[in-house]
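Student: Could you take me closely through one part of this model, beginning with a single residue and its surroundings, and then show how helices and chains meet?

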Amino acid sequence: MTTIRAVDAFARRHRYKPLEALPWVAAIAAYFAFPSYLALGAQILATILFALSADLLLGYAGIVTLGHAAFFGAGAYIAGILAAHGWGEPITGLLAGAGAAGLLGLLSGLIVLRTTGLPLLMQTLVVATMVAEAANKASFITGGDDGLQGMEVWPIFGELRFDMFGNTGYFYCLIVLFLCWLAARHIVHSPFGRSLTGIRENVRRMHAIGAPVGRRRLVIYTISAALAGISGALIAQTTQFVSLSFPSLERSGTVLIMLIIGGVGRLYGAFIGVPLYMIAQDRFATAEPVYWYFWIGLMMVLVVVFARGGVLGLADRFRR
Amino acid sequence: MISLSALVSIGFHGLAFAMVLYLISVGLSVTMGLMGFVNLAHGVFAMVGGYVLTSLMSRFGVAFLPTLLVAALATALVSLPIERLLYRRFYGGEELDQVLLTMGLVFMSVAGATYLWGPLQQPLQPPAWLSGEIDLGFRSFPAYRSFLILCGAALVTALWLAIERTRFGARVRAAVDNLRMAQSVGIDTSRLFMTTFALGSGLAGLGGGLGADLLAINPSYALQNLAYFLIVVAVGGLGSIRGPFVAALLLGIADSGFKYLLPEFGAFFIYALTMAVLLWRPRGLFGRA
């Protein structure tokens, strides 16, 4: 009896549930409800993708990284540099950003993933610092400290122009996020995704049953890097600006907090944590950006000490 | 070709920088090895030491040597409640929790330091007897950095003696080697953790104060220099006293060398070198398998 129930549960796991439509309904409702905040909305959607890509690593594969912004920054800079130097086609720009970030993920993953724990953490940080330092020193092409300016993004499919109200940008980000979410959801529920959870929970056992642990970790690291690259490229294309803050340690840290506010390893934590964080930041951080960090830091400490599962974890506890 | 005098100069500056890096990072290495705790906020303690030193000297005109002592003690005192109230809950826990907790503390420190001391960097005014140069006959050296090197060497020796020759040191080594066995033979590891943590933080505070000239004291200190401290620990190997010393020497000398010879590449080579070392030895030079 229990075996059958377990099999059922596994089979039902990947079926779409009505509740999963909620983020998308909310995103479309937000478009009509807050027409003057579409630029912020597009940034939120793109950042959800960034947090989602980090969730694949943290929540599923159990790889704790402090350098995820490296891939975000790489994607943003590649898309940005293309658009600033005469190739403003957005979708190929996005793919180029994804490709570059994925390649960086693959190459750095080959080195970084040989270890676990602190050495891994430290190496992800070093990779991100190298990307930031490279962007800083190659100022003739990246703009260095001043940021990359002069991007010209062409209309999507040659038709849909990026307007100043952010209508196009909002839907562009929403559609790309939706497609990437479908892919991430598919990965997570596939046998490959299940084996990642196995690696996170008990790596020795996965070795023992013959799972190619190293290769699987490398594959998810590359996929996650590519998704983070798409996210960076989206923000670069919709804001027409890339700066050194893109591959910074602050960004690698804040994506963790956005994710943890929502809940890690749930695929939906990003959809809750990112809007909460970014709306709060928009309201409170503009006056005194430095003190904003105090509240963010305090929130991180409080979440870790008292509300480990984030908002979704609290909801679970409430339901029980 | 680089001249001999340039080489001596690189070596000298590198050595001074290495001493500062070691003083700050050794506590981090021990806490990480001993408690298995990823403490990204360790730089905050160095920053506290730096702020205590610079403010006592510039605002209250206290002499240099006593303030050094105060900086170390104050930092150790600040670190105690943090360890008891926060860190202790997460020993042996999940890495992600530790990362988030300590990153949160770093963010809070950035805002807190800006609130208390403003966004500008705090200059260190060395006392008269340490400004200027010392003439050694064949060559003269900047007095402050010579003092740094001597001071660092003395502290390193004292620390090694403490770890190798005292009862306290024996307990620390036992707990690093085998925590459960150490507990079984009756070592109060909770108190040991507390003492070691405070000692490591005090040393970091001292290093931050002494090195205020090299690693400028400003609100983003803990964030800016995090990579350096972590490199020293990861390259040296966790839980080791000797490893971080070798790593700090390598990093200090390589850093001043690259910045002197190839300034246009900044710190890029340092990071590449770090990756190369970790590729060769993932657990660091002196890390145990």
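Tutor: A:Ile187 has 19 C-beta neighbours inside 10 Å and therefore counts as partly exposed (20 or more other C-beta atoms within 10 Å would make a residue buried, 12 or fewer exposed, with C-beta atoms placed from the backbone). This is a predicted model, in which local features need pLDDT of at least 70 and side-chain atom pairs pLDDT 80 or more, while totals for chains, interfaces and linings use all residues. Residues are numbered from 1 along each chain as its sequence is written, and chains are lettered from A and ligands numbered from 1 in the order in which they are written.

A:Ile187 belongs to helix α8 (residues 167–189) of chain A; helices are DSSP runs of H or I with at least four residues, numbered from the N terminus. Leaving aside residues up to four places away in sequence, A:Ile187 touches A:Phe192, A:Gly193 and A:Ile223, where contact requires C-beta atoms, placed from the backbone, within 7 Å. The C-alpha atom of A:Leu56, 131 residues away along the chain, lies 9.2 Å from that of A:Ile187.

The meeting of the two chains involves 35 residues from chain A and 37 residues from chain B. On the side of chain A that touches chain B, α6 (117–137), α12 (249–262) and α14 (289–306) of chain A each supply at least two residues. Of the elements there, α6(A) gives the most, with 14 residues.
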